[in-house]
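Thank you all for coming; I would like to take a few minutes to walk through one model with you. Please have a look at the sequence and the structure first, and then I will go through the parts I picked out.

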Amino acid sequence: APPRASNGSREGAAGTWLRTPLAPGEVITAQSGAFERDPQESSTTDEELSRAGSPGSRGGGSSTTPDYGEKRLPQALIIGVKKGGTRALLEAIRAHPDVRAVGTEPHFFDRNYEKGLEWYRNVMPKTLEGQITMEKTPSYFVTNEAPRRIHSMAKDTKLIVVVRNPVTRAISDYTQTLSKKPEIPTFEVLAFKNRTLGLIDASWSAIRIGIYALHLENWLQYFPLSQILFVSGERLITDPAGEMAKVQDFLGLKRIVTEKHFYFNKTKGFPCLKKPEDSSAPRCLGKSKGRTHPKIDPDVIHRLRKFYKPFNVMFYQMTGQDFQWEQEESDK
């Protein structure tokens, strides 16, 4: 049995909710096995990783840090969620001189674990004493084996999860896939097992990832809540400096990344990063970020909101944070 970070039954509250009858037409139809990870959650290649870990590579860390020191296993990980804002968070925290992070996603704890900790360490950038080594791989949050594997590496590892309204996140996830595979069925087709009966297909990864309470239970078997920081993907856009203050406090860093580091790009609709002392143009995320979402049938969005609502409430209770996703929707 895994070590307990919180009291409670093995199955836990979210598992009980999965068996609790929801509103008619809103039942989860997926079997337990359907909640396992989607192996294709990002596209980091072995070649990119070998470049990140090669001699002379800067490893993607702060540009102000000289390339000496030693490679260490990460003390902090951004573990999720896909399409939540993890890239924006990584780029912002890398602006801190006491943070060095891998630019690519190592996928060690889900796809490359058999390569061993020395391989993982070699992928990391070199750090000086007092600097923090970090990496981000958003699929860790939904990988069953990841909490146990990370705990066995270092039980005091700090974990950061960027969460976003699960309905918006699912549409963003679909939009990304659509850009690579234009031939896939419509969002409406994929979201339902039976559209007439309104049965949501929770086995589809775009839907499943957003059931945050279910995935979080797996992590709480190994890590106390005090070691996990939940960052709002929405506030990362509307108040990036405020969210970054929380991240820096959580990591035990001086608050160096502040509002001076951000510039709001009206065209893309989210903040871009700049160095306060630098007069050059702000650095924005790539063209793959801020894609225009396809128009989705309002009835489908309504059904998804009803589907996610009990899980969102459970997530708020588990984390002690209200992300106000329901309030956000009622304002529209």
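**The disulfide and the cores**

Let me begin with Cys-284, which counts as partly exposed, at 30% relative accessibility. I should say straight away that this is a predicted model, and everything that follows should be heard with that in mind. The partner of Cys-284 is Cys-272, with the two sulfur atoms 1.9 Å apart, and this is the one disulfide that the structure holds. Cys-272, for its part, is buried, with a relative accessible area of 1%. Since Cys-272 belongs to strand 11 (residues 270–273) while Cys-284 sits in the loop between strand 11 and helix 12, the pair ties together parts that are twelve residues apart in sequence. The torsion about the S-S bond is about 100 degrees, so the disulfide is right-handed.

Now to the nonpolar interior. Which residues touch the most other members of the largest nonpolar core? They are Trp-219 and Phe-315, out of 35 residues in that core. Several elements supply at least two residues each, among them strand 2 (76–80), strand 6 (158–163) and helix 12 (298–319), but helix 9 gives the most, with five residues. If we set aside its neighbours within four places in sequence, Phe-315 is in contact with Val-163, Tyr-212, Ala-213, Leu-216, Phe-230, Phe-323 and Trp-325. There is also a second, separate core of 24 residues, which includes Ile-78, Leu-90, Phe-250 and Leu-273.

Staying with helix 9 for a moment, Leu-214 is found there, and at a relative accessible area of 17% it is buried, the cut-off being under 20%. Leu-214 and Phe-315 are 101 residues apart in sequence, yet their C-alpha atoms are 8.5 Å apart in space.

Let me turn to helix 3 (residues 86–93), where seven of the eight residues are buried, so that the helix is largely enclosed by the rest of the structure. The buried residues include Thr-86, Arg-87 and Glu-91, along with Leu-90.

Thr-86 and Arg-87 also appear in the UniProt record, an unreviewed entry, which places the feature "binding site" at positions including Lys-83, Gly-84, Arg-164 and His-293. Of these, Gly-84 is found in the loop between strand 2 and helix 3, and at 6% relative accessibility it counts as buried. Leaving out residues up to four places away in sequence, Gly-84 touches Val-162, Arg-164 and Gly-233, and Arg-164 is itself one of the positions that the record lists under that feature.

Key:
Residues numbered from 1 in each chain as written. Predicted model: local features only at pLDDT ≥ 70, side-chain atom pairs only at ≥ 80, totals over all residues. Heavy atoms only, no water. Core = buried A, V, L, I, M, F, W, Y, C linked by side-chain atoms within 4.5 Å. Buried < 20%, exposed > 50% of the residue type's maximum accessible area, 1.4 Å probe, protein only. Helix = DSSP H or I, 4+ residues; strand = E, 2+ residues; numbered from the N terminus. Contact = heavy atoms within 4.5 Å. UniProt positions renumbered as here; feature names shortened; annotations may be inferred. Disulfide = S-S within 2.5 Å.
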